[in-house]
Amino acid sequence: MSGAASLNGVGRRTSLDPVARAHTHPADRFFYPLAALTAVTFVAEIFFVFLRAPVEVRMGIVQKIFYFHVPSAYAMYLGATACFAGSVAYLVRPTDASDALARAGAEAAIVFGAIVLTTGPLWGAKAWGTFWTWDPRLTTALLSVLIYVAYAVLRAFAGDGSAERKFSAALGVLGAANLPIIHFSVQKWGGQHPMVITGKGGGLQHPDMKLALVLGFFAFTMLAVLLVWARTRVELARSRLLRAEDDAIDLGLDTRTEA
Amino acid sequence: MKDGDKTGAAPPTTDDRATTFQAVQGGQEHYSGETLLVSAYAVLWVVVLAWVAFIWRKQGDMNTRLFDLERVLDKAAAEKTAARKT
């Protein structure tokens, strides 16, 4: 809190202030270009999905859900992987950054998992005649999202101490164990869920269909990276703020009691 | 059944009551593909924007706490300056 006197009377530091700028991460300058690239890719994705990719012969227009259902599932895997990586890093060497990454990854897994679990049944209503069936892939995907919901609830209500962070990190590591199960459930346990991207048969039979899917993967990957990045940054700032508040209380500057 | 009783004919069996359901040609679909597609696309952006709103709210909460902290620091610095003068 040594900066108290220097701040007084000088005015608050802004992002234009050289001192404040020195505290920003060098990678932060890539955020806006990545956001712009994501926006452009999404525009291209929307153009290809709705205007260029042909309507599928048997399912009709509802098949176009596929172009953002599958990339969403991929983005969910990315979020879960970020949570896993952050959790492992925190258990090895506890830092605010690794904890923030794990938390952001878990929330991304919930968000993209919710998209997967909503768009899939909307497709299923047309293709299968029912919104939900206890198919192995659907069930394991639901289970995975529930694990990350449990993680988020734990972080929201169990406090932010070292023990809670470690317990959450353990859950983040265990939650990742379900990811390969989701992936291989179709092969091992059968079920109704189709497999379009395989090495044996299936596949998209038109170049514009393939391009729409590839663009979808790019767009959702960048969106997931952007959102996890933004969320991690907020969480890191929150950790720093908590420490500053604790320091203020320890120095007797703040009359509030510690949470 | 009264006629059957009079003539002595056997009552109809379950096979006699076999019924076939046939769809109306050109009738409406149970679920409209267009509606489902638009719903799925809307859900995608609603969920993403809900998360962005959540992050925004977190940042707002941090702003408030940061403002409180700055106020406390300003007060402490002012007291220190006043103590030096006296």
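Biologist: How many residue pairs are in polar contact between chain A and chain B?

Modeller: Two residue pairs, with both residues at pLDDT 80 or more. Keep in mind that this is a predicted model.

Biologist: And what's the salt bridge count between chain A and chain B?

Modeller: There's one salt bridge. The side chains of E245(A) and R65(B) make it, at 2.6 Å from N to O.

Biologist: Which elements of chain A give two or more residues to the side that touches chain B?

Modeller: On chain A you've got α1 (3–7), α3 (31–52), α5 (96–127) and α9 (207–250). The largest share is from α9(A), with 13 residues. By type, that side of chain A splits into 29 nonpolar, ten charged and four polar residues.

Biologist: How many residues does each chain put into the contact?

Modeller: Chain A puts in 43 residues and chain B 33 residues. Between them the chains bury about 3600 Å², and 77% of that is on carbon and sulfur atoms.

Biologist: Switching topic: how many cavities of 30 Å³ or more turn up in the whole structure?

Modeller: Just one cavity. The largest cavity holds about 40 Å³ of space.

Biologist: Which residues line the largest cavity?

Modeller: From chain A, F42(A), E45(A), I46(A), V49(A), F50(A), F68(A) and F220(A); from chain B, Y41(B) and L44(B).

Biologist: Which element gives the largest share of that lining?

Modeller: That's α3(A), with five residues. Both α3 of chain A and α2 (33–85) of chain B supply at least two residues each.

Biologist: How do the lining residues of the largest cavity divide by type?

Modeller: Eight are nonpolar, one is charged and none is polar.

Technical notes: Residues numbered from 1 in each chain as written. Chains lettered and ligands numbered in written order. Predicted model: local features only at pLDDT ≥ 70, side-chain atom pairs only at ≥ 80, totals over all residues. Heavy atoms only, no water. Contact = heavy atoms within 4.5 Å. Buried area = accessible area lost by both parts, 1.4 Å probe. Salt bridge = Lys/Arg side-chain N within 4 Å of Asp/Glu carboxyl O. Polar contact = N/O pair within 3.5 Å; in protein donor to acceptor, adjacent residues only side chain to side chain. Helix = DSSP H or I, 4+ residues; strand = E, 2+ residues; numbered from the N terminus. Nonpolar A, V, L, I, M, F, W, Y, C, P; charged D, E, K, R; others polar. 1 Å grid on protein atoms, 1.4 Å probe; cavity = no way out; pocket = protein on both sides within 12 Å on 5 of 7 lines; lining within 4 Å. Points joined across faces, edges and corners; volume = space filled by probe spheres on them.
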